[in-house]
Amino acid sequence: MSTIKHTTNMSTIKHSYLILIGLLTTLWLIADPILSIDYNFFALRASMMNYTGIIGIGVMSVAMILAIRPAVFESLLGGLDKSYRLHKWLGITGLVISII
């Protein structure tokens, strides 16, 4: 029974992570005109630089919010350990995306 609960909590963390990345990507697509202009390498490069910046800043911001341990997020994610795990994933993502 504990395996099922662990899987459910892990899927909550994974869903939270993917929803955050999807939300940031959607907001970027709404704000960036890359889909409506003709292909140009430097325009695509600039757009991708903006995208990685938005993802990097976004995930690091949410990681900082999780670091202050708000009770609302702890209960939504299934406890402090799950909140810290998501915080770790977001920190790693922010570092890797920022380096890219």
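**Figure 1. Arg69 in the loop between α2 and α3.** At 44% relative accessibility, Arg69 counts as partly exposed, and in this predicted model the residue is placed in the loop that runs between α2 and α3. The phi angle of Arg69 is near 60°, a positive value in a residue other than glycine. Such a value stands out because most residues other than glycine have a negative phi.

**Figure 2. A nonpolar surface patch that includes Phe73.** Ile65, Ile68, Val72, Phe73 and Leu76 together make a nonpolar patch of about 510 Å² on the surface. Helix α3, which spans residues 71–77, contributes the largest share of this patch, namely three residues. Phe73 is a residue of helix α3 and is partly exposed, its relative accessible area being 36%. This value admits Phe73 to the patch because patch residues must have over 30% relative accessible area.

**Figure 3. Ser83 and the residues that it touches.** Ser83 belongs to helix α4, which covers residues 80–99, and with a relative accessibility of 2% this serine counts as buried. The assignment follows because buried means under 20% relative accessible area. When residues up to four places away in sequence are not counted, Ser83 touches Leu66, Glu74 and Leu77.

**Figure 4. The two segments that UniProt lists as "transmembrane region".** The record, an unreviewed entry, gives residues 12–31 and residues 51–72 under this name. In the model, the chain over residues 12–31 is 100% helix and 0% strand, with its end C-alpha atoms 28 Å apart. Over residues 51–72 the chain is 86% helix and 0% strand, and here the end C-alpha atoms lie 29 Å apart.

**Figure 5. The segment that UniProt annotates as "domain: Ferric oxidoreductase".** This annotation, which likewise comes from an unreviewed entry, covers residues 52–99. Across residues 52–99 the chain is 90% helix and 0% strand, while the C-alpha atoms at the two ends are 9 Å apart.

**Figure 6. Confidence of the prediction along the chain.** The protein has an average pLDDT of 85, and 90% of the residues score at least 70. Confidence is lowest in helix α1, residues 2–31, where the mean is 80, and highest in helix α2, residues 41–67, where the value is 91.

Technical notes. Residues are numbered from 1 along each chain as its sequence is written. This is a predicted model: local features need pLDDT of at least 70, side-chain atom pairs count only at pLDDT 80 or more; totals for chains, interfaces and linings use all residues. Side-chain values use heavy atoms; hydrogens and water are left out. Patches are made of residues with over 30% relative accessible area and no salt bridge: like charges are joined within 9 Å, nonpolar side chains (Val, Leu, Ile, Met, Phe, Trp, Tyr) within 5 Å. Accessible areas come from the Shrake-Rupley method with a 1.4 Å probe; for residues, only the protein chains shown count as cover. A salt bridge is a side-chain nitrogen of Lys or Arg within 4 Å of a carboxyl oxygen of Asp or Glu. Helices (H or I, at least four residues) and strands (E, at least two) are DSSP runs, numbered from the N terminus. Buried means under 20% relative accessible area, exposed over 50%, partly exposed in between (1.4 Å probe, protein chains only). pLDDT is the predictor's confidence in each residue, from 0 to 100. UniProt positions are given in the numbering used here, feature names are shortened, and annotations may be inferred rather than shown by experiment. Contact means heavy atoms within 4.5 Å.
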